[in-house]
Structure formats: structure tokens, C-alpha cells
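Me: I would like to learn how to read a structural model feature by feature, beginning with enclosed space and ending with backbone geometry. Could you take me through it slowly?

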Amino acid sequence: MAEDTRQDKRASFSAITEHNTNGMARTSAVASGKTGASKKLVIKNFKDRPKLAENYTEDTWLKLRDAVGAIQNSTSIKYNLEELYQAVENLCSYKVSPTLYKQLRQVCEDHVQAQIHQFREESLDNLSFLKRMNRCWQDHCRQTIMIRSIFLFLDRTYVLQNSLLPSIWDTGLELFRTHIVSNSAVQKRTVDGILEQIELERNGETIDRSLLRSLLGMLSDLQVYKDSFEERFLIETNRLYAAEGQRLMQERDVPEYLHHVARRLEEENDRIVSYLDQSTQKPLISCVEKQLLGEHMTAILQKGLGPLLDENRVTELALLYHLFSKVKGGLPILLQFWRDYIKAFGGEIVCTPEKDKDMVQELLDFKDKMDNVAQSCFTRNEGFINAMKEAFETFINKRPNKPAELIAKYVDSKLRAGNKEATEEELERILDKIMIIFRFIHGKDVFEAFYKKDLAKRLLVGKSASVDAEKSMLSKLKHECGAAFTSKLEGMFKDMELSKDIMIQFKQYMQNQSEPSNIELTVNILTMGYWPSYTPMEVHLPPEMVKLQEVFKLFYLGKHSGRKLQWQPTLGHAVLKAEFKEGKKELQVSLFQTLVLLMFTEGEEFSMEEIRTATGIEEGELRRTLQSLACGKARVLNKNPRGKDVEDGDRFNFNNDFKHKLFRIKINQIQMKETVEEQVSTTERVFQDRQYQIDAAVVRIMKMRKTLSHNLLVSELYNQLKFPVKPGDLKKRIESLIDRDYMERDKETPNQYHYVA
């Protein structure tokens, strides 16, 4: 019984087959007696392909055309957009795509063609025309997007598969370009209107920038921007700025003109950002720069660079550099004018003898000014810095020797005691600046000669402001010119140090003497080769001084046998104690002043001739000495008759009524002043040294080469000599050496020289 029941149950789960109308048979195993049996899905093809209703294509197209018309006329669409999209998909599925694409294109083309009429209205002004064009373009774009959204299936299947066919959006652009924008009258009015608006804006009026942005975007999208607009726009820009440049160069000064150019460039860049196509930037800016700058570079620099530099107008100079750096060939021409300006301005400082007094200070100020311009205005451009150095070197050597001499004197004025202008740091800075100017000088031997003479005075008269400053200057010169240049100067310092040690020993020696002197003697022992050569002068010293000199001579030669001492009174100085009605004073005076004043301890009044006979001082030196005592600020002598100059018949007496607020009065400033004779002798000594150097160089070269032509010898000399020299001077020295049998001319070729061993 149980078994039968199981069989019945199994029979009730047999397979069921359902037949669907579409020909698909689905077999489903409702259950299976065997565990793990698989399910089956059998798919069969349609027996017949489904067919569209007879008028489906025409009816659907009519619906779609109505919808397109509603979009184009901005009326409401009768049908659901999803339904329309589905209809397009259905048509595409039944291979109606080519027809549908052609029909859609035709409908769009008809509509666009109809739009042209609104642009043929003559009464419209340019701005109204542009607004109408913009409205038409905006409507067209909006409509094309809407139409494309309905026909998206067509766009993404049929059109995408046919590479030769433009998309619906591109078709819309093509139709608008062909039927509206490519119409010559419409295009001309559109471009004319846009150019008119831009010109109004350039003349300072406010315009609707969004309108221009939209219209120029339209030309760009339609790919006619370059041909229809840009070419004409650049021609108009060129014409406008060419005329403006010519006019403003006449009317305005250069700073005003430069600011105008900068403003114009800013405006044009703003136009590119606001409404012009980015591709226009390069040709537009290039056009403005060419017409406002490129065409007038020489005129701008001729008219304005000098005044800008004279007035130190840093802002305008920076602007000038910035603008010229944009123009082809701008910086080279600016560099040339900058170099010429420095040469002309500096040349005037150097070559005007009336300015000699302030020459060095003016050069330092000028260098500071030009450095500042190069740094802050010309962005530290290496070319400009090098051009400045070259210009300084050129003009400073236009006048040989004098700048070197004046620089040495300027250093002397700064290193001399009593120069309260500067602190140590400021003095160091001044010396650094002077070294920059010093580098440009070719005749450094002139500087050395005058510097050595002034240094000697500072050291011997005790007028040096600071030993540290002196040594700092010495190390700068050594670094710049080498150890050979400063060896003698260093020797002078060594002599001063040794002299101090000798004087300590001499004082101890004097204490052991049986007859102590009431005069305190200080002697500086100078090595002849280190110091400037002084003309020996025999003067009549008081017996006490002569006696002290002999004592010192015995002391010194006792320690250093074989040496010769030559007394040099020129730079000697003394402190005299004097009594006036007002009271006692101490007078700091030169040795010559001392000899004159000591005469008045023995007499009331003396003539100039009597003083000269008694002292033995040379006439010119005596006149200067008497002038300093009787005609200066501290008049310890009276001159009769009164006057600024000392004449032969003048008589002098002691001024007992002399008054001064200080106890110790310096009257020996005269020693620090350079006389005309000193200057001439220093210069002559430099030239003499140069002749020796030329002779030595010629002999050195000829000894090495044995035989040499004149031109090669001169060329070699220029390489070796460190000072400027004229070819004529070299020729004289060569002739002199031939006369002295150091070399000889070739008998057959006079231009050839042979060394004579």
C-alpha cells in the first residue's frame, strides 16, 4: 500500500510543456525524482519577423516634425519627449535612419534659411543688428540642443557609424554658417559692428562685453573667427596704434608716454580675457608693442632716457626696461643708449678741470646711482652691469693720470685725523666704494705715487685718523694690485714701528747722559727706498737742536755701524710754549714755523729778508710759513703792511695780544697741504719711473726673442705694461735703447730689431 502511494506521487510531478505564441518553448522541470538534475532553457527563433504598421514611418515622422517645428517656433510640444525619443529609436531599429537624418537636416535647413530675412532690414543700427544676431544665434544653439536630445539615438548610432556624416550639433553649426554667417552682407555688418564696439571701448566708452563675448564665441564655433574677424581686427588695431603712437610721441613727454603704453597693453590683455579668442593674444599684443614701442624706440631713448636718469626716476626706468624687454631688439638698443649716457655724463665729470675739487665724490655718487638703476630697474641684467663697467673704464681714462691723483687725495682726506664725517663702518664702506672706482683706472702707478706721498705726511706729522683704517686700505690695495704694489707702503709702516722702539732706547740712553736736554727729541728713521724722495734742504737750526742731533747720531751709529743718516727737516714738527698777555699757550707748529718763531725770543721785529738769512729757509717755503703765522686763522705774528700775501718788503713782529679759546693750537696744517712744486715733482717722478719700466720691458722682451719686428715688439709691450702709454713714447724709448747699444736695427730691414748681448 505504501509503495503504490509513492508511485502516484511521482506521476503527479511529470514535466509540463507550455507553448507560447512567440514560438519560444520553455521546459520547466517542476521536480525531479533524481536529485541534482539540471534545468533547461531552450530558445527558438521567431517564425516570422515582426512588421511595422503600414503608415507607422510616415505617422511617426509627422509627429517628430511637429515637435521640431514647435521647438523652432518656441511653442509647446504636443507629445511626451520620452515618447518621441522612443519613436526615433523604433525608426532607427527598422533601418529608416538615412531617411530620418536627411529629413531632419532638411527641416533644420529650411528653418535656418528663413532666418536670413530678419538681417536684411537696413534701418537697424549696428548695435541693434548685433543684438539681433546674438539672439538668433542663442536661439539656434538652444533649439539644436533640444532637437539633438530627441534624436540622440540617431546621433549615437547611425551618425556615429558613418564617419563622413556630421553630428546633429555640427550640422546645426554648418547650416548657420552656410546660410547666415557666410552671407557677405550679414558677415560684414556683424564684423563692422563688433569692430565699432571695440573702438568705442578703446576711446573710453562702456560697452556690452557679454554681447561681444557671445558673438566672437559664435564666430569661433563656426570656424570663421580668423578669416572673417581677426585679420580685419588686427589691421584696424595696427592703424589705430600707428596713428596714436605718432601723435602721442609729439604731444607727451616720455614718462607719460610709457605709462600710456603700459595702460594700453593692460587694456588689450583684459580684452583677450573678457571677449577675444585666446589665439588673438600673441598677434594683438605684438601689434600694440610694435606700433607704440618698436617704431619709436630710438625717439623714446633720445628724448627721455637722459632726463629719466638725470632725475633718477626709478619707477619709469623700470617700466622702460620692462616694456623694451618685450620688443624685438629693445634691450640691445637700450643697452647702447645706457652705455653712451654713462660715458657722456662721466666724461663731463672727469674732463672738466673746474670740477676737479669734487670729481671723486661726484664719481662715487654717480656710480651709486647707476648701480641702483641696474639693480632695481634693469633686474640686475648682467649685460647692463658689464656695459656700465666698460663705460666707467672708458670715460675715467679719457683724462690720463688726473683721476688717479684725485682718488689718492680723496683717500687721504678720509684717512686724515679730524675727519669726523664718518664712523669706522662708514669709512670702511667709503674705502670699498673708492676701490671700485680705482679698479677702472689704467695708470695705477700715479695713484701709488700720490698715495705714498700723502701716507708719508699722515704718518710723519701724526695726522692719521686710524691705523686700522690705514691697514685696511693697504690690504685692499694688496688684494687688488698684488704684493709688489704695496711692498713699499708696508715698508713705511715697518719703519714707523721700528722708530718707536729706537726712541724708547734713545730715551733710556738720554737719562744716562751727564747733561740732560730740556728739549724732548723724537726721530723717525726712514728707509730711503720706501719713502717719497724729499729735496734736501739745509736750514739753520738753534744750537740746542744741533747738539741733540749729534747726540742721536752717535747713539744710532753706535748701534748700526755703516749706515748713513741724512736729516730731513721738511716734515719735522714741534710743540712750542709761548706766553701772551692772555696767558700761556702751546703752539703745534712745523719745524720751519719753529725756526721763525724762535727768532722773536731775541728781537721785536724782523723783515722777511732778515728771517730768510737767519733761518736759511728757501724763499717759496718761507713765504708759505710766514703766511700761515701772520695771515691765517691763528695770527701769532703781525704783518706790516696788512694783507693776505707776503711781499718782499713786509716786516713782522710778535703778536702779544693773540687770543684763542684752546690751550694747544695747531698751526702746522700747512705741512699737510700739497704745494704746486710737490704735485709737479710727484707727476714727473711717475713719468721717470714709467720710462725705466718701458726700458726694462723692452730689454726683457728682446733678450728672450733676440730678433723682433717693431709692431710685434710694441704689441708685446702693451701686454706687459700696466699703465697707458702712447706709441710715440714707446718709439722714443726704443731709440734711446738703440743709442745706448742695448739693441740695433737690422741693416736691410729698418723695422726689425736685434738684441745686442
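**Reading the cavities and the chain around them**

Reply: Let us begin inside, bearing in mind that this is a predicted model. The largest cavity has 15 lining residues, and those that lie nearest its centre are C108, T144, I168, G172 and L175. Helices α4 (97-115), α5 (126-150) and α7 (168-181) are the elements that each give two or more residues to this lining.

Me: Which element gives the largest share of the lining of the largest cavity?

Reply: That is α4, with six residues. By class, the lining of the largest cavity divides into seven nonpolar residues, seven polar residues and one charged residue.

Me: What is the volume of the largest cavity, and how many cavities of 30 Å³ or more does a search of the whole structure find?

Reply: The volume of the largest cavity is about 160 Å³, and the search of the whole structure finds two cavities of 30 Å³ or more. The second largest cavity holds about 60 Å³ of space, and its lining includes I396, N397, R399, I441, H442 and P724. The classes in the lining of the second largest cavity are six nonpolar, four polar and one charged.

Me: Helix α4 came up above, so I would like to look at one of its residues. Is H111 buried or exposed?

Reply: The general idea is to compare the relative accessible area with a cut-off, where under 20% means buried. H111, which has its place in helix α4, has a relative accessible area of 15%, and therefore counts as buried.

Me: With which residues is H111 in contact, leaving aside its neighbours within four places in sequence?

Reply: With that restriction, H111 is in contact with Q72 and Q143. A separate quantity is the distance between C-alpha atoms, which for H111 and H140 is 9.8 Å, the two residues being 29 apart along the chain.

Me: Where is Q691 placed, and how should I read its accessibility?

Reply: Q691 is placed in helix α27 (residues 676-705), and its relative accessible area of 31% makes it partly exposed. The C-alpha atoms of Q691 and D729 are separated by 8.8 Å, although the two residues are 38 apart along the chain.

Me: Let us turn to a strand. Which side chains of β6 are buried?

Reply: In a strand one can follow which face each side chain points to. Along β6 (residues 637-640) the side chains alternate, with L637 and K639 pointing to one face and buried, whereas N638 and N640 point to the other face and are not buried.

Me: How many bridges join β6 to β7, and what is the bridge partner of K639 in β7?

Reply: Four bridges join β6 to β7 (residues 651-654), and the two strands run antiparallel. The partner of K639 in β7 is F652.

Me: What should I look for in the backbone itself?

Reply: Most peptide bonds are trans, and most residues other than glycine have a negative phi. Here the peptide bond from N640 to P641 is cis, with omega near 0°, and P641 is placed in the loop between β6 and β7.

Me: Where is S74 placed, and what is its phi?

Reply: S74 is in the loop between α2 (56-72) and α3 (81-93), and has a positive phi of about 60° although it is not a glycine. At 52% relative accessibility, S74 counts as exposed. Q223 likewise has a positive phi of about 60° without being a glycine; it lies in the loop between α9 (209-221) and α10 (225-251), and counts as exposed at 68% relative accessibility.

Me: How should I read the chain as a whole?

Reply: One can set its radius of gyration beside that of a compact globule: for 757 residues such a globule would have a radius near 27 Å, but the protein chain has 53 Å. Its C-alpha atoms fill a box of roughly 170 × 95 × 80 Å, taken along the principal axes. The chain has 29 helices and 11 strands, and buried residues make up 42% of its 757 residues. Of the contacts with a separation of 6 or more, 70% are between residues 24 or more positions apart.

Technical notes: Residues numbered from 1 in each chain as written. Heavy atoms only, no water. 1 Å grid on protein atoms, 1.4 Å probe; cavity = no way out; pocket = protein on both sides within 12 Å on 5 of 7 lines; lining within 4 Å. Points joined across faces, edges and corners; volume = space filled by probe spheres on them. Nonpolar A, V, L, I, M, F, W, Y, C, P; charged D, E, K, R; others polar. Buried < 20%, exposed > 50% of the residue type's maximum accessible area, 1.4 Å probe, protein only. Pairing = 2+ DSSP bridges. Rg over C-alpha atoms; globule rule 2.2 N^0.38 Å. Contact = heavy atoms within 4.5 Å.
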